Structure formats: C-alpha cells, structure tokens
Amino acid sequence: MMSGSSASSMSARRGRRRRTASCVQQVCLCDHPKQLNSHQIQMTTERPVQVKVVKVKKSDKGDFYKRQMAWELRDLTEVDAKDSSKENPEFDLHFEKVYKWVASSTAEKNSFISCIWKLNQRYLRKKVEFVNVSPQLLEELPKAEESVPSGESQSVAGGDEDALDDYQELNAREEQDIEGMMDVCEYAISNAEAFAEKLSRELQVLDGANIQSIMASEKQVNILMQLLDEALSEVDTIEGKLSSYEEMLQSVKEQMDHISQSNLLIQISNTNNGKLLDEIQFLVNYMDLSKGHVRALQDGDLSSPKGIEACINASEALLQCMNVALRPGHEKLMAVKQQQQLFSDLRDTFARRLTNHLNNVFVHQGHDQSSSLTQHTAELLLPKHSPLHRELLRYAKLMEWLKTTQREKYEGLSRTYVDYMSRLYEREIKDFFEIAKIKMAGTTKEGKGKFATLPRKESALKQETESLHGSSGKLTGSTSSLNKLAVQGSNSRRSQSSSLLDMGNMSASDLDVADRTKFDKIFEQVLSELEPLCLAEQDFISKFFKLQQSPPPLQVAPQGEGEELDGGQPSRMAPHGEHRHSMSSEKDLVRLMMNKIFQSIETELHSLIALGDKIDSFHSLYMLVKMSHHVWTAENVDPASYLSTTLGNVLVTVKRNFDKCISVQIRQMEEVKISKKSKVGILPFVTGFEEFAELAETIFRSAERRGDLDKAYVKLIRAVFMNVEKVANESQKTPRDVVMMENFHHIFSTLSRLKISCLEAERKEAKHKYTDHLGSYVINSLGQPLEKLNHFFEGVEARVAQGVREEEVSYQLAFNKQELRKVIKEYPGKEVKKGLDNLYRKVDKHLCEEESLLQVVWHSMQDEFIRQYKHFEGLIGRCYPGSGITMDFTIRDMLEYFSSIAQSH
C-alpha cells in the first residue's frame, strides 16, 4: 500500500513483434497500518532502459489496477530504511520531496529495497544513497544471482540478467528469410517437429559443404602466407635504409646547430656594438655644449640685444643638457660626471652674472629722480614706465630660466624689484596726489569771496591743502546748497531757500555747479591715470616673472605681523618655501607683489576722498559714480586683480561718505526751525531735496550703481514727508493745511518733472496729500463769508436728520420762513462780494509766492462756493416749497464776483 495502503511491483512492456525482458517486484505498502485501501507501487524496466517507480491503485470492482503517479528512478536521491537493526516495515523515498511508506511486512520492504539497489548498481552508477540499510542485505544480492539457472526467466530480485544482455532483435532481412522458409514448408506451423527435423538435415548438409570448401582453399592460403613473408622481408630492408638515412640527418642537424649558434653569437655582438654606438651618440648629441654657448654663458654681454639673444640661446641649450633623462648606468660614467659638473659650474656662473646685472638695473631705476613729479607741474599726469618695461622684458626668458634652475636667486631678484620699485612709485604717487589735492582745493579758493561770509575758518582749508593725510572729520559749515539746473522760477526761490546741509547759513549760489564739475574732472583724471599705471605694472610682473603657468616662486609675508598696512615700510618678502601653504594661486602672488609696490595708492585715495568730502559733502555723489564705474571696468578685465581689489576697498569708503551725507541731510531736516512771525512757505529742506534730486539725476544719469541712489531717495523722501507734517503741526502763523498743501504740491511737481521711477509711490502719495489739504483748506475758509447762512442750514439739516419731514421744517419756530428771510437779508450781493474780497486777501497772506497756488486755491473756492449755493437752493426748494424765497445773488453774480476780485488783485 502507498499513500494509504500501497503496493510495489515491477512489470515489463512488450512491443509489437519483439521480445522484451522485464522483471516485476511487487510489495504491499501502506502509509499507516489502519489504512487498507488497495494501492500498489510498481518498478518497471524496458528496452531501451527507462526505470520508473509507478503508484497504482487496485480497483474495488475487479483485479485490474489504475495508474496514479510515476517517478523517474534517476530522480531518486536517497532511500531511508529507518532502522537496520530492528524489523521495521517503514521506509522513506526522497524524490523532489520526502515520501513516507509502510510495507505489509519487513521481508517485502527488504525485497523492494534490494530491487532498487540492484537497479541503482546497473543503470544509475550507484547514484542513489542508501541510509539505515543492513550491509548484509546488500552483500547477499550478488550471491543470490549466481545460484539462479541462466535459461529461466527470473524476477528482478533474482533473475538471469545475462539473458537480458544477450538478447538481440531480429532485423528486417532475418524476418523475411524466416517467413520465406515457413512459406516453402507447408507443415511449418502444423507439424513443428517435422519442420525442425528438416531444418536440422539442411544444416548438416551446409556444414559438410562448408568444411569441403575450407579444405579446398588450403593451397591458396599457403601461397598467401608466402607472400606475407616476402612482404615482411621487404619491410625489414626498408627499415634498415630508413635508419641509415636517420643517422645522416642527425649528423646534418648537429652541424646546422653549430652554425646557428655561431651566427647567434655574431648577431649578439653586432647588436651590442650598435647599442653601444647609440649610447655614445646619445651622450654626444644631448650632453655636449658648443664652445659658443660656453662663451656666452661665461662672458656674454647682457646689455646689448645681440648679447642677450646669445645668452638666451645658450641658457636654453644648457638647461636642455642638464635636463636630459639619463639611462640606467650613465651616471656611473666618468665622462658623464665631468660633463654634469661642467654644466653646474656654468649654471652657477651665469646665474650670478644675470642676478648682478638685473640687480643693478633695479637699483638704478629705483634711485632715478628724473621721472618724479613736482608740486609745480601744471598737468596732472603720472610718469609712464613703458620704456623700462620694454627694456626688462628682453630678459623675460632669462628670468624663466633662472626660475627653473636657481630659485633662490630668482626670489632674491623678485624681492629687489619690489623694494626699489615701491620706493619709486611711492615718490611719484605722493607727488601726483599732492598736485591733485592742490588743484582740488583751488576750486574753492577761486570762490574765496563767496565763502567770506561763511562761519568756516580759512585755516581749515589751508591745512587741508598742505596735508597729504588729512583727517576725515566733518565741517558742518563748509558746504552750500546746490544750484538748480534749468528750473523756471529758481531765482525767486533761491533767495528764500537754504542749503540742505547748512540751513540758513549760506545761499545756493555760494558754490556753483562749475566748481563741482571741476572737482569731478580732477577725480576722474586721478582714476584714469592710476588705472593704466596699475594694469601695465601688473601685466609686466606677470610676463617678466613668468607667473602665468609655473608654480609660485615667491611668497610674501602676510600683513599684520609687525608691518604697516596703510603706509610706511614695505612688508618683508618671505624666503622660498616659507608660508607656501598660504598661496592659493599665482594671481594671489601677483596681487601681493602689487600690494607692496603700490602700497601708498589706497592710502592716498582715502586722503583725497576725505579732502573732497570736506570741501563739499555732495562730492561723494561724483566720487560714488566715478569709483563704481572704474571698479566695474576693472572687474570685467580681471575680478581678482590688484586694481579691482584696491578700488573696491576705496569704493566702500566712498559709499560710507555718501551714506553719511544722506544721514546729515536727514538729521538737519529734523533740526530745522521756523519763524513764528512770518509765514512758512516752501520749507528749505523741500527745496533742498529738489536741488539734490536734480543734481543726483544729472550725475547718475548713466551710472552703474543706481541702486545706492534709489535707497538714498527713499530715505530722504520719507524724512521730508515726516518733517513737513512736523513743521505743519508746529506752525502758528500759517495754517496747517496751507503748509501741507504748498509743500506737497512742490514735492509732487518735482517728482513729476524728474520722473524718478523708485519714487512713483511717493509721488502719488504727495499728490494725494496735496489734494486732501487743498480741499480741507477751501472748506474751512469758505465757512466764514456766509457764516450765519451756514449755521441756519446746518440746523435745518439737523432737524431733517432727527426725523422731521422736509416740508414741515418751515413750521419750526427757529426755522420758519421769516427767520430764513431775515438771514438771507443779512447777505446781499454787495456784502457777499465784500466777504469774498476779504477772503481773497486772507488767502493771499497765507500762501507763498514761490508756489503760485493762489489762483488754484481761488478757483477751488469758487467751485466749492457754487456747490454750497446749489445745496442751499435745493434745501430752500424742498423745505420751503412755494415760498418764493431766493438768494439775493445768482450763480452768474458769484462768477462775476470771483472774477473781478481775482483781476483787481
């Protein structure tokens, strides 16, 4: 029984008209002793050999079996008998998974396992592993096979396996012959014994004929044997000849080997001679310096162009010889050592000559006084050093050679050049800036008469022109307000407007635009002279010292360790290797050398800027624009250059001065005081902002740094707005609405004319404030000419608001028709005109002449008066219907009153 009462057997399949040897082993198995269903497992073998394990189930209705499952025996990996020492019918078969079986008895289990073992030995080459199987069971199997008779058909457990191996299937011809014999003999089927006897007789006849044929061919066999013996003797002869030939060939081979060895030795000798010749030729070609080059290195003229060219060629040839990549063993040759020593001596000699010559050139140029400026020079120009640069650039290739071969001497030359050129440039720059300061201060000395009334001491200006490093303190009374540029009516306003920086101390004509323009030209000339000077020197340093591709040869000690930053002695140049880690690139090295050579430029620029700011703080606008432009230009050329860095540092100072100028203006706005006895008019700082904006727009028209001005505009305009309201609140002589209206109208007009985009919101705000305060002033002023009438109709509107119907207002005692007629009689046309005339005079006293708002205000009052008139008539028509009450004057009369009053004044 299997999987619930399985059995095992082995069956054979038979093919059509062929014999098949098969064996069957049948074992009763079950998964559990209580399960007795009829199941069997069969193992079959067939030709060609295919061993399978088949699970079959016995039908309940008959003795036939039904196939359920089959496994290939080659898929079996292990047979586990569970226990070899005890009788146990259970065992496991390991296929793709483990299958557990229970046989009907231990004998059937052993029989089935032995069948599997035998098939494993024959077909699977001992592939299956048997576990817990008794060795005696496996050893007895071959002995049992030997005891079985060979002719019987046996089971797989003990049958004759040789019978299976001797079986041969009949081919088609054999089948045809057997069929033919059976057809000839009529009784082949009915009388098999007679047929077999007949076949036996025929076989005996054929055997006798065969024996006679063999005996008849004996003579021919003897002849054949004789021929074979002759052939063997011929083979022996040929083998002897082949042996002699082989000995001859061996002798020839030995001779050829000897010749080949001799040729190989000759070839090796020739190869060695060729290599030796190549080595000698290599040393001669690459380590031989011509006598002309030796003379140039030892005695060549370093001052003439031809001598310099010869020295350059000789130094390059020497460097090439010294840098030859020697092959292994060359350095041990005495000639090579002598040649290398010669090259080293020539290198040291020429390096010393070159260093001494260039040192003399640097020292001579550093002490040259001919190019120095003097204070009496009329033109503001810096000396050009292009001739010196052209002369020194002839030695550029020699400096590159010196940088490669003698780094210490190269660095010494670099330090010498920086030391002496810094002295030369310091003298020239100092004289140049002194002249610039004299010319800059002269712009104010020309207007000495204008400044005679200012509270500024003359000694302050004199001290500034004589000092090269003046302090950056402020002179609060040294500046004056700006002139307005092409502004209509500016002459009338200038007489009353004060400086934005010095309120009330000086008039706007104290310092005219020409002085500032002259200062702008001087400052631009200074920057224009410095820019090409620095760029030319930086370009020369890069080319002369070869600081473009090779590693940095020179280190400069960082500032701050006992060195002066803004003036004084130049910083010490660090020796080779010191602070090398602080250098990031050759551009940094060039910039550091430029810092030492031009260490006075930044200090002098700061001093010049301080002087310009003291002369007039508005100069910071010019300086901001010019400096921003030059910084922008320098950064486009090289953002990391010395010029870009230096001008950028100075630009920071200029920006601070500009911010300080704006802060001073704002502070002075906050400190402004107004007279209590005179009308306010246009406030000084409002006019001052207008002048500042006009000047700034002129200066910054095409400037790159517009953002700084826009920020300053916003700060100033907010301060103006705030202080206008402050002054309006404090005003006693002039009504608040008039101060706000006039000043915001002026601000709105200024911003509309200048079209400053960043102040568009402030322009709209100024217009809004002007409009609001104009309407407020008009309404407050018009309440006085018809005061009683206004009060009467305000009472009427109050009654209506309380719920009284409009047509019933006339029945109120205080607002009946008689009261209305009484009030109207008090305002005949003449009285109204007289009141308007008084109002015009009062408005005229409130308003200032500069803004010309009288007619605007008067026209607004006319519109408001007409509106009130129409409002009064409407109330009369609604509250006093059919009364026939009208005003003593009409709208036409009012228009005539306003027109005649305006014309009369």
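Methionine 181 sits in helix H4, residues 172-184. Helices here are DSSP runs of H or I with at least four residues, strands are runs of E with at least two, and both are numbered from the N terminus. At 39% relative accessibility, methionine 181 is partly exposed. The cut-offs are these: buried is under 20% relative accessible area, exposed is over 50%, and partly exposed is in between, with a 1.4 Å probe and protein chains only.

This is a predicted model, in which local features need pLDDT of at least 70 and side-chain atom pairs pLDDT 80 or more, while totals for chains, interfaces and linings use all residues. Residues are numbered from 1 along each chain as its sequence is written, and side-chain values use heavy atoms, leaving out hydrogens and water.

**A surface patch**

Which residues join Met181 in a nonpolar patch on the surface? They are Leu170, Ile178, Met182 and Ile189. Together, the five expose about 470 Å² of accessible area. Such areas come from the Shrake-Rupley method with a 1.4 Å probe, and for residues only the protein chains shown count as cover. A patch takes residues with over 30% relative accessible area and no salt bridge; nonpolar side chains (Val, Leu, Ile, Met, Phe, Trp, Tyr) are joined within 5 Å, like charges within 9 Å. A salt bridge is a side-chain nitrogen of Lys or Arg within 4 Å of a carboxyl oxygen of Asp or Glu.

**The whole chain**

The chain has 28 helices and 11 strands. Of its 905 residues, 43% count as buried. It exposes about 49,700 Å², and carbon and sulfur atoms supply 51% of that area. Take the contacts (heavy atoms within 4.5 Å). Among those between residues at least 6 apart in sequence, 72% join residues at least 24 apart.

**The cores**

In soluble globular proteins, nonpolar side chains tend to be buried together. A nonpolar core is a set of buried Ala, Val, Leu, Ile, Met, Phe, Trp, Tyr and Cys residues joined through side-chain atoms within 4.5 Å. The largest one here has 172 residues, and Val857 and Met861 have the most contacts inside it. Helix H12 (residues 407-445) gives this core its largest share, 13 residues. A second, separate core holds 25 residues, including Leu93, Phe95, Ile116 and Leu119. Back to valine 857: leaving out residues up to four places away in sequence, it touches Met741, Leu774, Tyr777, Val778, Val843 and Leu847.

**Two buried helix residues**

Glutamate 529 lies in helix H15 (residues 513-544). Why does glutamate 529 count as buried? Because its relative accessibility is 10%. Its side chain reaches the backbone nitrogen of leucine 382 at 3.0 Å. Leaving out residues up to four places away in sequence, glutamate 529 touches Leu380, Leu381, Leu382, Lys384 and Phe432.

Histidine 745 is in helix H22 (residues 736-754). At 16% relative accessibility, histidine 745 is buried too. Histidine 745 and isoleucine 682 are 63 residues apart in sequence, with their C-alpha atoms 9.7 Å apart in space.

**Two positive phi angles**

Most residues other than glycine have a negative phi. Lysine 82 has a positive one, though it is not a glycine. So does asparagine 132, also not a glycine.

| Residue | Phi | Loop | Relative accessibility |
|---|---|---|---|
| Lysine 82 | about 75 degrees | between strand S6 (78-80) and strand S7 (90-94) | 31%, partly exposed |
| Asparagine 132 | about 60 degrees | between strand S9 (129-131) and helix H2 (135-146) | 34%, partly exposed |

Methods. Polar contact = N/O pair within 3.5 Å; in protein donor to acceptor, adjacent residues only side chain to side chain.
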